[in-house]
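Okay, everyone, thanks for coming. I'll put the structure up, and then we'll walk through a few spots together.

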Amino acid sequence: MTRIIYVNGDYLPENEARISVFDRGFLFADAIYEVSAVIDGRLVDNDLHLDRLERSVGELSIPMPIPRERIIGVQHELIRRNSLDQGVVYLQISRGVAERDFVFVDDIEPTLVAFTQHKNLVDAKSQREGVAVDIVPDSRWARRDIKTTMLLAQVLAKKSAKARGFHEAWMVEDGFVTEGASSTALILTRDDVLVTRPNSRSVLPGCTKRAVMTIVEELGIRMEERLFTVEEALEAKEAMLTSASSLVTPVIRIADRVIGDGKPGPVTARLRERYLELAAQSADPVR
């Protein structure tokens with residue numbers, strides 16, 4: 001089946017989907033994006049992702065190309081047209097098309113592109129067996145709280161990590177872990193405290209992490225939002241990463257240090273289990 005792509009109001013076969021070479025997203029990475037998980041044909045945590053999308057375009061003064069409710073309609077239509085049972089819906093909004101110039105004019109029409117990707121989210125080997133993460137310097141720009149398409153540092157970090165046998169890379173600044181190249185980093189200390197870095201301009205406010213924090217409170221797990229060092233991560237009882245495409249994934253090795261007994265820990269397993277339970281109950285069905 002040919003995948004159907006949404007481009008500025010049209011649903012097109014992927015071999016016919018086109019944007020201009022003068023689109024500022026292509027020329028300057030002047031664009032933001034979001035990724036929402038789909039489980040059993042239903043969008044998961046989608047309101048959180050659309051909240052973040054609206055915040056990101058607002059921070060860059062890019063107007064919303066269509067109202068939020070119409071974006072939800074696009075997501076649902078793509079799920080339906082592409083028979084997506086499990087995977088993700090990707091959204092990208094760029095400032096639009098204009099002659100190449102660093103200084104943009106204010107009346108550009110934004111570009112909206114959306115597509116689906118089939119992925120095994122619920123029963124992925126990485127979630128069952130855990131993953132290893134590398135440690136790399138964080139060389140990104142200062143506004144990491146905006147989900148822009150300017151991802152070259154992450155691309156290179158993940159490429160290098162994969163070549164060295166790692167699934168993901170945790171980025172480090174001034175000795176402290178910021179976040180994963182495409183995920184949020186969390187550790188469970190020896191005192192059974194779940195630690196993750198607080199939201200700031202240094203990290204992307206994770207939607208899956210936010211959902212997990214609600215579960216943490218429900219289960220009575222102690223949690224601290226604070227900075228943590230690489231050394232503290234290496235000594236952790238458990239570690240995990242969260243994102244829309246990895247949900248809650250155990251981390252069983254950081255650099256050359258095995259975490260715990262080298263197997264997914266019970267707290268991580270319980271958080272993942274509960275996350276999937278709530279996702280099944282609260283996911284947004286296709287209309």
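So, let's begin with Thr2, which touches Pro13, Glu14 and Asn82, leaving aside residues up to four places away in sequence. One thing to keep in mind is that this is a predicted model. Look at Asn82 for a second: Thr2 and Asn82 sit 80 residues apart in sequence, yet their C-alpha atoms are 8.1 Å apart in space. Where is Thr2 along the chain? Thr2 lies in the segment before β1, which covers 4-7. And is Thr2 buried or exposed? Thr2 is partly exposed, because its relative accessible area is 44%, and partly exposed runs from 20% to 50%.

Next up, a pair of helices. When two helices pack, people describe them by the angle between their axes and the distance between those axes. Here we have α2, residues 46-59, and α3, residues 68-81, with axes that come within 12 Å and cross at roughly 130°. That angle makes α2 oblique to α3. As for handedness, the crossing of α2 and α3 is right-handed.

Which residues meet there? From α2 you get Asn46, Asp47, Leu50, Asp51 and Glu54, and from α3 you get Arg68, Ile71, Ile72 and Gln75. Sort the residues of that contact and you find 3 nonpolar, 2 polar and 4 charged.

Last stop, α8. Helix α8 covers residues 266-282, so 17 residues, and reaches 24 Å from first C-alpha to last, close to the 24 Å expected at 1.5 Å a residue. Buried residues in α8 include Leu271, Tyr275 and Leu276. Keep in mind that an α-helix has 3.6 residues a turn, so residues three or four places apart point the same way.

Methods: Residues are numbered from 1 along each chain as its sequence is written. This is a predicted model: local features need pLDDT of at least 70, side-chain atom pairs count only at pLDDT 80 or more; totals for chains, interfaces and linings use all residues. Side-chain values use heavy atoms; hydrogens and water are left out. Axes are lines fitted to C-alpha atoms, for helices over the stretch in contact, and angles run from 0 to 180 degrees between N-to-C directions. Helices (H or I, at least four residues) and strands (E, at least two) are DSSP runs, numbered from the N terminus. Angles under 35 degrees count as roughly parallel, over 145 as roughly antiparallel, 65 to 115 as roughly perpendicular and the rest as oblique. A crossing is left-handed if the near helix is turned anticlockwise from the far one by less than a right angle, and right-handed if clockwise. Contact means heavy atoms within 4.5 Å. Ala, Val, Leu, Ile, Met, Phe, Trp, Tyr, Cys and Pro count as nonpolar, Asp, Glu, Lys and Arg as charged, and the others, Gly among them, as polar. Buried means under 20% relative accessible area, exposed over 50%, partly exposed in between (1.4 Å probe, protein chains only).
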